[in-house]
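Visitor: I should like to understand how the terms used for a protein structure are justified. Could you take me through this one, step by step?

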Amino acid sequence: MDYILIGKRKRILKRISWFAARITLGFLLVSMVSVLLLKFIPPVTSAFMVAKICKGGLSHGKQIRYHWVSWKNISPSMALAVVAAEDQKFPVHFGFDFGAIADALEEGEKGRRLRGASTISQQVAKNLFLWEGRSFLRKGVEAYFTVLMEALWSKRRILEIYLNIAEFGDGIYGVKAAAQNVFAKPPSELTMRESALLAAVLPSPITLKAAAPSAYVKGRAHRIEKQMRNLGPSHLNEIWIDP
């Protein structure tokens, strides 16, 4: 009798293993094909946009505003502003800023509020492909997509998609919708100050407003401008000339 039970358990485990292997292989193939396609074509939407619609997260009467704009039609100041504000090592790292991660963990161990240490690449992976949350599973999948994007895309492509899917306000996704909504101009004409104001709201685009900036937003924008001048356009030289 014991041999029969052991045999059944082995068969069940074998089927589960086979099924898990098929699921894993399917996920790897679909994810690789998706990332490869997005190297050449604009994303129609993002996981975060879909989640916001499904959860009814938009304010009453508002809709998702998302309009893709190519790299050549985005002000260089806007690209520099988000790098200065969110990830100054973006041009040189391979998706992860381990120094920032270590600093964040150290602050957490001291009892301070755990600050974010996500790079622009990680934010693209999260916003484009994943669900909200802080589970180890989600962070693991985020890391997988981050490595995949860094391997298959150029830095310029990662930054181009980031500028197009980042949320700049309630339902306002991407620099084109943000520039039109806040400053009534195309993203190619954004000034350094306007770019810094938009970058200043990225940590909390629902509560922070670029159109009616609080003293905090103005101060943060001023600091971002200062960092932009310190870094200079040469900070993104390799990204400007990417094919």
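Guide: Let us begin with two strands, E2 and E3, which run antiparallel and are joined by 2 bridges. Please keep in mind that this is a predicted model.

Visitor: What makes E2 and E3 a pair?

Guide: Two strands pair if DSSP finds at least two bridges between them. E2 and E3 are joined by 2 bridges, so the requirement of at least two is met. Within this part of the model, Glu 167 stands opposite Tyr 173 of E3.

Visitor: Why are E1 and E2 called edge strands?

Guide: The open sheet has 3 strands in the order E1-E3-E2, with mixed pairing. E1 and E2 each pair on one side only, and that makes them the edge strands.

Visitor: How many helices accompany the strands in the protein chain?

Guide: The protein chain has 11 helices alongside its 3 strands. Read from the N terminus, the elements follow the order α-α-β-α-α-α-α-α-β-β-α-α-α-α.

Visitor: Why is H3 described as oblique to H9?

Guide: Helix H3, residues 76-86, packs against helix H9, residues 192-200, at an angle of about 40°, and their axes lie 8 Å apart. Because this angle is neither under 35 degrees, nor over 145, nor from 65 to 115, H3 counts as oblique to H9. The crossing of H3 and H9 is right-handed.

Visitor: Which residues make the contact between H3 and H9?

Guide: H3 contributes Ser 77, Met 78, Ala 81, Val 82 and Ala 85, while H9 contributes Met 192, Ser 195, Ala 196, Leu 198 and Ala 199. By kind, the residues of this contact comprise 8 nonpolar, 2 polar and no charged.

Visitor: What makes H9 a mostly covered helix?

Guide: Of the 9 residues of H9, 7 are buried. They are Glu 194, Ser 195, Ala 196, Leu 197, Leu 198, Ala 199 and Ala 200. These buried residues pack against H3, E2, helix H8 (175-183) and helix H10 (215-231).

Visitor: Why does Arg 157 count as buried?

Guide: Arg 157 is located in helix H7. Its relative accessibility is 10%, and a residue under 20% is called buried; Arg 157 therefore counts as buried. Apart from neighbours within four places in sequence, Arg 157 is in contact with Leu 38, Lys 39, Phe 40, Ile 41, Pro 42 and Trp 68.

Visitor: How do you know that Lys 155 is buried?

Guide: Lys 155 also has its place in helix H7. The reasoning starts from a relative accessibility of 14%. The cut-off is under 20%, so Lys 155 counts as buried. The C-alpha atoms of Lys 155 and Phe 90 are separated by 8.1 Å, although these residues are 65 residues apart along the chain.

Visitor: Which residues of H2 are buried?

Guide: In helix H2, residues 47-55, the buried residues are Ala 47, Phe 48, Met 49 and Lys 52. Their cover includes strand E1 (65-66), helix H5 (120-129), helix H7 (155-165), strand E2 (167-169) and strand E3 (172-173). Just after H2, Gly 56 has a positive phi of about 65°.

Visitor: What can be said of burial and contacts in the protein chain as a whole?

Guide: The protein chain has 243 residues, of which 41% count as buried. Among its contacts with a separation of 6 or more, 72% are between residues 24 or more positions apart.

Conventions. Residues numbered from 1 in each chain as written. Predicted model: local features only at pLDDT ≥ 70, side-chain atom pairs only at ≥ 80, totals over all residues. Heavy atoms only, no water. Axes fitted to C-alpha atoms, helices over the stretch in contact; angles between N-to-C directions. Helix = DSSP H or I, 4+ residues; strand = E, 2+ residues; numbered from the N terminus. Left-handed = near helix turned anticlockwise from the far one by under 90°. Contact = heavy atoms within 4.5 Å. Nonpolar A, V, L, I, M, F, W, Y, C, P; charged D, E, K, R; others polar. Buried < 20%, exposed > 50% of the residue type's maximum accessible area, 1.4 Å probe, protein only.
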